[in-house]
Amino acid sequence: MTEAICKAASDKKARDIVVMDMQGLMSSTDYFVICSANTATQVRAIADNIEEAMDEAKIPFNHKEGYREGEWVLLDYGDVVAHIFMQEAREYYALERLWGDAELTPYED
């Protein structure tokens, strides 16, 4: 699932895509996928593309937050949660530092 989410984000030109292994650090999910976008419009386009890819794969969707504002969209698929940030929001919330014990794997096409 992380690979499909990363690819869908990459297809819409998301930047700095990383997968954080949250197993053993958080009980509600196994992985975070985090990426950045330049504009709120791009944040929403990435989120839309991830949703379409997951729909096609028949992966059930749990929850979505932040879509209207477009600064930070969270897509919860249970085992994997995708975070799509505008760059300033990503730097402000700094999830990679907040969860510094998580193993980070950069995504490459």
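This dialogue walks through a few features of a predicted model, from its strands to its cysteines.

Student: What should I keep in mind before reading any values?

Tutor: This is a predicted model, in which local features need pLDDT of at least 70 and side-chain atom pairs count only at pLDDT 80 or more, while totals for chains, interfaces and linings use all residues. Residues are numbered from 1 along each chain as its sequence is written, and side-chain values use heavy atoms, with hydrogens and water left out.

Student: Which strands does β4 pair with, and in what sense?

Tutor: Helices (H or I, at least four residues) and strands (E, at least two) are DSSP runs, numbered from the N terminus, and two strands pair if DSSP finds at least two bridges between them. Here strand β3 (residues 63-65) joins β4 in the antiparallel sense over three bridges, with K64 having L75 in β4 as its bridge partner. β4 is also antiparallel to strand β5 (residues 80-86), over five bridges, and V73 stands opposite I84 in β5.

Student: Is strand β4 mostly covered or mostly open, and how many of its residues are buried?

Tutor: Buried means under 20% relative accessible area, exposed means over 50%, and partly exposed lies in between (1.4 Å probe, protein chains only). Strand β4 (residues 72-76) is mostly covered, since four of its five residues are buried.

Student: Which residues take a positive phi in the two hairpins?

Tutor: In the hairpin of β3 and β4, which has six residues between the strands, G66 has a positive phi near 85°. In the hairpin of β4 and β5, with three residues between the strands, the residue is G78, whose positive phi is near 80°.

Student: How should I read a positive phi in a residue that is not a glycine?

Tutor: The general idea is that most residues other than glycine have a negative phi. In this model D16, which is not a glycine, has a positive phi of about 50°; D16 is placed in strand β1 (residues 15-21) and counts as partly exposed at 48% relative accessibility. A94, also not a glycine, has a positive phi near 45°, and A94 is found in the loop between α3 (87-93) and α4 (95-98), where A94 is buried with a relative accessible area of 9%.

Student: What do E51 and Q42 touch?

Tutor: Contact means heavy atoms within 4.5 Å. Leaving aside residues up to four places away in sequence, E51 touches F61, K64, L75 and Y77; E51 sits in helix α2 (residues 40-56) and is buried, with a relative accessible area of 17%. Q42 lies in helix α2 as well, is buried at a relative accessible area of 14%, and touches K12, K13, A14 and A37, again not counting residues up to four places away in sequence. A polar atom of the side chain of Q42 lies 3.0 Å from the backbone oxygen of K13.

Student: How many disulfides does the structure hold, and why is C6 not bonded to C35?

Tutor: A disulfide is a covalent bond between the sulfur atoms of two cysteines, and here the term is applied to a pair of cysteine sulfur atoms within 2.5 Å. The structure holds zero disulfides, and for C6 the reason is distance, because the closest cysteine sulfur, in C35, is 8.1 Å away, too far for a bond. C35 is likewise in no disulfide. As for accessibility, C6 counts as buried at 1%, and C35 counts as buried at 2%.

Definitions and conventions:
A polar contact is a pair of N or O atoms within 3.5 Å; within protein, one must be able to donate a hydrogen and the other to accept it, and residues adjacent in sequence count only if both atoms are side-chain atoms.
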